[in-house]
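Trainee: I'd like to take a close look at one part of this model today. Could you walk me through it?

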Amino acid sequence: CADVAMYRSKSSGRNQSHFYSKAIHDEVLKRVTLESDLRIAVEQQQFILYYQPQVSYNDHHIVGVEALIRWQHPTQGLISPMVFIPVAEEMGLIDEIGRWVIDMACQQLAQWNQMTRNDVKLSMAANLSALQLNRSDFYQFVMNTLSKHEIQPEQLELELTESTINRSEIADKQLMDLSLAGIKLALDDFGTGYSSLTHLQLLPFEVIKIDKSFIHNIHSESDSHFLRAICAFSKALNFEIVAEGVETEFQRGLCESLKVDRIQGYYFAKPMPAKELEEKWINRTHLFR
Ligand code: C2E
Ligand code: MG
Ligand code: MG
Ligand code: MG
């Protein structure tokens, strides 16, 4: 194994090289276990979607949700997508997981459409992985899923991060088709990559999701310049703006004064199971039928 060799050559003595290879052995074992557990998880659908509300800046009413996947591991409890999504991508399991996410999110949205007044149309955002767009039948899968659950394309939002965008011909074409069908495309984690502006110019995005890192460090007026500039930029180019990671009253107030279209963050709510969202955000509000 190349890694072991590298560590050996760096280490000075026998014992040390033994120590490093044991550490690597443990890592490999952990990874192999994770991989075989993940295969079983896909077979048995051990996943659940949590939903985090997005509220409008002025009246704090819920206008949409983001669906965020968790793995309900039989012995380890809930596992974060940041742990298993990259592994699923490498293992070629992300297609199947990603389709489950879209199907489940649409099924849930159909239920909420039933529960809410006819004029209420919550948006449902789902996150995409790069590999999903490389399969040429992805567009058709999304359209079929929408009609299966009788969801209007305008209610679905698909979130891509810069790393998700690989600009292959198939991927670009499908993004264009999804957009033409009325599905909203959002550029997630805006500001963290190097080519956000190129992507915004060349691909049919309608929504910019400002990355948490731009919100997180804002504690006073003097920290707010970056956020202000991003908002001015987004408004000038007619993008809808979502701020994620809003945690404090000050950050919320700032988003309100900047007229950020939708606010998402722990200040209002953490991601939660569907039942909880119904109890706290749908049944007890004006949205309810
Ligand atoms: P993301 O799409 O940028 O999602 C936002 C993340 O920020 C979520 O983490 C959410 O719980 C967290 N968050 C929201 N508000 C706050 C806040 O006020 N403070 C802080 N500190 N965090 C906040 P989560 O659920 O752990 O998801 C992490 C990432 O995993 C997501 O980042 C997304 O990139 C990926 N992910 C989640 N679900 C899926 C999925 O179904 N498919 C794919 N491909 N990726 C997914
Ligand atoms: Mg997202
Ligand atoms: Mg994000
Ligand atoms: Mg992210």
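Which helices and strands each supply at least two residues of the shell around ligand 1?

Mentor: Sure, and keep in mind that this is a predicted model. The elements that each supply at least two residues of the shell are strand 2 (62–73), helix 3 (81–91) and strand 6 (184–190). Strand 2 gives the most, with 4 residues. Altogether, 23 residues surround ligand 1, and the closest are Arg-70, Asn-127, Asp-188, Glu-247 and Tyr-266.

Now for the polar contacts. Glu-66 has a polar side-chain atom 3.0 Å from an oxygen atom of ligand 1. With Ile-69 the backbone does the work: one of its N or O atoms lies 3.2 Å from a nitrogen atom of the ligand. Ser-129 goes back to using its side chain, with a polar atom there lying 3.1 Å from a ligand nitrogen atom. As for how covered the ligand is, ligand 1 taken alone exposes 810 Å², and the protein buries 86% of that. The space that ligand 1 takes up is the largest pocket.

While you have the model open, have a look at another serine, Ser-234, which sits in helix 10 (residues 225–236). Ser-234 counts as buried because its relative accessibility is 0%, and the cut-off for buried is under 20%. Leaving out residues up to four places away in sequence, Ser-234 touches Ile-208, Phe-239 and Ile-241.

Terms used: Residues are numbered from 1 along each chain as its sequence is written. Chains are lettered from A and ligands numbered from 1 in the order in which they are written. This is a predicted model: local features need pLDDT of at least 70, side-chain atom pairs count only at pLDDT 80 or more; totals for chains, interfaces and linings use all residues. Side-chain values use heavy atoms; hydrogens and water are left out. Buried means under 20% relative accessible area, exposed over 50%, partly exposed in between (1.4 Å probe, protein chains only). Contact means heavy atoms within 4.5 Å. A residue is near a molecule or strand if one of its heavy atoms lies within 4 Å of it. A polar contact is a pair of N or O atoms within 3.5 Å; within protein, one must be able to donate a hydrogen and the other to accept it, and residues adjacent in sequence count only if both atoms are side-chain atoms. Accessible areas come from the Shrake-Rupley method with a 1.4 Å probe; for residues, only the protein chains shown count as cover. On a 1 Å grid over the protein atoms alone, a cavity is a set of points where a 1.4 Å probe fits but cannot get out, and a pocket is an open set with protein on both sides within 12 Å along at least five of seven lines; lining residues have an atom within 4 Å of a point. A molecule sits in a cavity or pocket if more than half of its atoms lie within 2 Å of its grid points.
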